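Please examine the structure shown below together with its sequence. The explanation that accompanies it is written for a reader who wishes to follow the contacts residue by residue.

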Amino acid sequence: MVAAIEVGDGGEAVYRHEQVIRRAGWRLLPAEHRAAYLVDAARAYLQVGDLFGAGRVLVDADGIAPAEVRCRPAARTVIAEIARGRPTVAGVARLATLVGLTR
């Protein structure tokens, strides 16, 4: 999935992400790995212009391992991009406030 993001193929990245999270092994990964992966998945959703999908997986990541979302620079960038979108995605405004991107 990450390779597809890096080459700019957001559609392929989203497709791969949706396949990965359906597998039984997904839940066996450590929480921090799942959350970091979901931050990357949010980037894929942003590439295809799906703010709601990006926001949804980012909020899911925060529920799994908050430090991975609130402390990683890459996650903060994704939060900022989603928060700038209109309409505001539920939960992302709260995350933006928690990480100090808004007041």
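The paragraphs that follow treat helix packing and then individual residues.

The coordinates come from a predicted model, and the description begins with the pairing of helix H3, which covers residues 31–47, and helix H4, which covers residues 51–64. The axes of H3 and H4 lie 8 Å apart, and the angle between them is about 170 degrees. An angle over 145 degrees counts as roughly antiparallel, and H3 is therefore roughly antiparallel to H4. On the H3 side, the contact is formed by Ala31, Arg34, Ala35, Leu38, Val39, Ala41, Ala42, Tyr45 and Leu46. Their partners on the H4 side are Leu51, Gly53, Ala54, Arg56, Val57, Leu58, Asp60, Ala61 and Ile64. By residue class, this contact of H3 with H4 comprises 14 nonpolar residues, one polar residue and three charged residues.

Helix H6, residues 73–84, also packs against H3. The axes of H3 and H6 come within 10 Å and cross at roughly 35 degrees, and the crossing is left-handed. Here H3 contributes Val39, Ala42, Arg43 and Leu46, while H6 contributes Ala74, Ala75, Val78, Glu81 and Ile82. The residues of the contact of H3 with H6 are divided into seven nonpolar and two charged, with no polar residue. Val39, Ala42 and Leu46 of H3 appear in the contact with H6 and also in the contact with H4.

H4 and H6 meet each other as well. Their axes come within 10 Å and cross at roughly 140 degrees. Because an angle has to be over 145 degrees to count as roughly antiparallel, H4 is classed as oblique to H6. The crossing of H4 and H6 is left-handed. Leu51, Ala54, Gly55 and Leu58 in H4 face Val78, Ile79, Glu81 and Ile82 in H6 across this contact. The contact of H4 with H6 contains six nonpolar residues, one polar residue and one charged residue. Val78, Glu81 and Ile82 of H6 thus take part in the contact with H4, and they are likewise listed in the contact with H3.

Attention now turns to single residues. Is Asp62 buried or exposed? Asp62, which is found in H4, has a relative accessibility of 5% and therefore counts as buried, since the cut-off for that class is under 20%. Its side chain makes a polar contact of 2.8 Å with the side chain of Arg70. A polar contact of 3.3 Å links the side chain of Asp62 to that of Arg94. When residues up to four places away in sequence are set aside, Asp62 touches Val69, Arg70, Arg94 and Leu95.

A second aspartate, Asp40, is placed in H3. Its relative accessibility is 14%, so Asp40 counts as buried. With neighbours within four places in sequence left aside, Asp40 is in contact with Met1, Val2 and Ile5.

Pro66 belongs to helix H5, residues 66–70. Its relative accessible area of 34% makes Pro66 partly exposed. The C-alpha atom of Pro66 is separated by 10 Å from that of Ala36, although the two residues are 30 residues apart along the chain.

Conventions:
Residues numbered from 1 in each chain as written. Predicted model: local features only at pLDDT ≥ 70, side-chain atom pairs only at ≥ 80, totals over all residues. Heavy atoms only, no water. Axes fitted to C-alpha atoms, helices over the stretch in contact; angles between N-to-C directions. Helix = DSSP H or I, 4+ residues; strand = E, 2+ residues; numbered from the N terminus. Left-handed = near helix turned anticlockwise from the far one by under 90°. Contact = heavy atoms within 4.5 Å. Nonpolar A, V, L, I, M, F, W, Y, C, P; charged D, E, K, R; others polar. Buried < 20%, exposed > 50% of the residue type's maximum accessible area, 1.4 Å probe, protein only. Polar contact = N/O pair within 3.5 Å; in protein donor to acceptor, adjacent residues only side chain to side chain. Parallel < 35°, antiparallel > 145°, perpendicular 65-115°, else oblique.
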